[in-house]
Structures are given as structure tokens and as C-alpha cells.
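Grab a pencil and work through these exercises with the model open beside you. Each task comes with a solution that goes step by step.

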Amino acid sequence: MPDDKKPKLHWKQAISKRIVWLERQPHSNSPKIQREIRRLKRKLIINPEGKNGKEEITHCPKGHPYTKANTYVRASGARVCKLCRKEGVAKRRAELKKLEKRLDGARA
Ligand SMILES: [Zn+2]
């Protein structure tokens, strides 16, 4: 059967099929397969409000709130904390200054 005639499975159907297949394996009790099944099942869990886990996070990893003013949204949809981004820029700038100073010292 040519590939283009096969009906394409929705990714959720494909995952469900894989879970069933894994559970039927003779070694399905092995930790490796059990881990894979748990991982796939987690993928299938849907939030009833249609939100993914990320949207429920209200603070950045450093604890700054994800408010409209403090949040930058990348094209990919990932949220970036502006305070953290500023800190990152300042840190890199300070490191660059230190490096320049060291280079100047080497030249003198
Ligand atoms: Zn932050």
C-alpha cells in the first residue's frame, strides 16, 4: 500500500495506539516500558480549559510575576520575563567590560 493512501493518524490517536501496543508487549512490566507508557500518558492529558501547563504558570523561575508589563512573548509562544532578561543583558555587559579591562591590562 503506498504511503499516500494510508490515513494519517491524529497525534493523539497515534500515541494511544502506541500505549496499547506497549502494554501488550511480553516485557511490558519492565521499568523501561512502564516509564515510556507513563510519559506517553502524560502527553495525552488535556486541560479542560484548553490551556497547556505553561499558561497556568504565573511567575518566572526567579519569582517575578508574569504580568502584561513584565512579559515578553516570543514568536514561538514562550513567555520571557522582562526583569530576568534585563538581568541577563546586564550580566553579559558586565562580563564584557571585565574582559575588555583585562585585554587593556594585557596591552599596557
Ligand atoms: Zn523573572
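What share of the contacts in the protein chain with a separation of 6 or more comes from residues 24 or more positions apart?

Start with the ground rules. This is a predicted model, where local features need pLDDT of at least 70 and side-chain atom pairs count only at pLDDT 80 or more, while totals for chains, interfaces and linings use all residues. Residues are numbered from 1 along each chain as its sequence is written. Two residues are in contact if their C-beta atoms, placed from the backbone, lie within 7 Å. On that count, the share is 15%.

**Exercise 1. List the elements of the protein chain in order.**

Step one: helices (H or I, at least four residues) and strands (E, at least two) are DSSP runs, numbered from the N terminus. Step two: the protein chain has three helices and two strands. Step three: read from the N terminus, and you get α-α-β-β-α.

**Exercise 2. Check the lengths of α1, α2 and α3.**

The expected span is 1.5 Å times one less than the number of residues.

- Helix α1 (residues 11-24) has 14 residues and should span 20 Å; its end C-alpha atoms are 20 Å apart, which agrees.
- Helix α2 (residues 31-44) also gives an expected 20 Å for 14 residues, and its end C-alpha atoms sit 20 Å apart, in agreement.
- Helix α3 (residues 82-107) has 26 residues, so 38 Å is expected; the 37 Å between its end C-alpha atoms agrees.

**Exercise 3. Work out how α1 and α2 pack.**

Step one: find the angle. Their axes come within 10 Å and cross at roughly 155 degrees. (Axes are lines fitted to C-alpha atoms, for helices over the stretch in contact, and angles run from 0 to 180 degrees between N-to-C directions.) That makes α1 roughly antiparallel to α2, a label for angles over 145 degrees; under 35 is roughly parallel, 65 to 115 roughly perpendicular and the rest oblique.

Step two: get the hand. The crossing of α1 and α2 is left-handed, meaning that the near helix is turned anticlockwise from the far one by less than a right angle.

Step three: look at who meets whom. From α1 come K12, I15, S16, R18, I19, L22 and E23, and from α2 come I33, E36, I37, L40, K41, K43 and L44. These contact residues divide into seven nonpolar, one polar and six charged. (Ala, Val, Leu, Ile, Met, Phe, Trp, Tyr, Cys and Pro count as nonpolar, Asp, Glu, Lys and Arg as charged, and the others, Gly among them, as polar.)

**Exercise 4. Are the residues of α1 buried or exposed?**

Step one: a residue is buried if 20 or more other C-beta atoms, placed from the backbone, lie within 10 Å of its own, exposed if 12 or fewer, and partly exposed in between. Step two: α1 is hardly covered, with zero buried residues among its 14. The count is zero for the 14 residues of α2 and for the 26 of α3 too. Across the 108 residues of the protein chain, 1% are buried.

Step three: try W11, which lies in α1. With 10 C-beta neighbours inside 10 Å, W11 counts as exposed. Its C-alpha is 9.4 Å from that of L44, 33 residues away in sequence.

Step four: try I45, in the loop between α2 and β1 (71-73). I45 is exposed because it has 7 other C-beta atoms within 10 Å.
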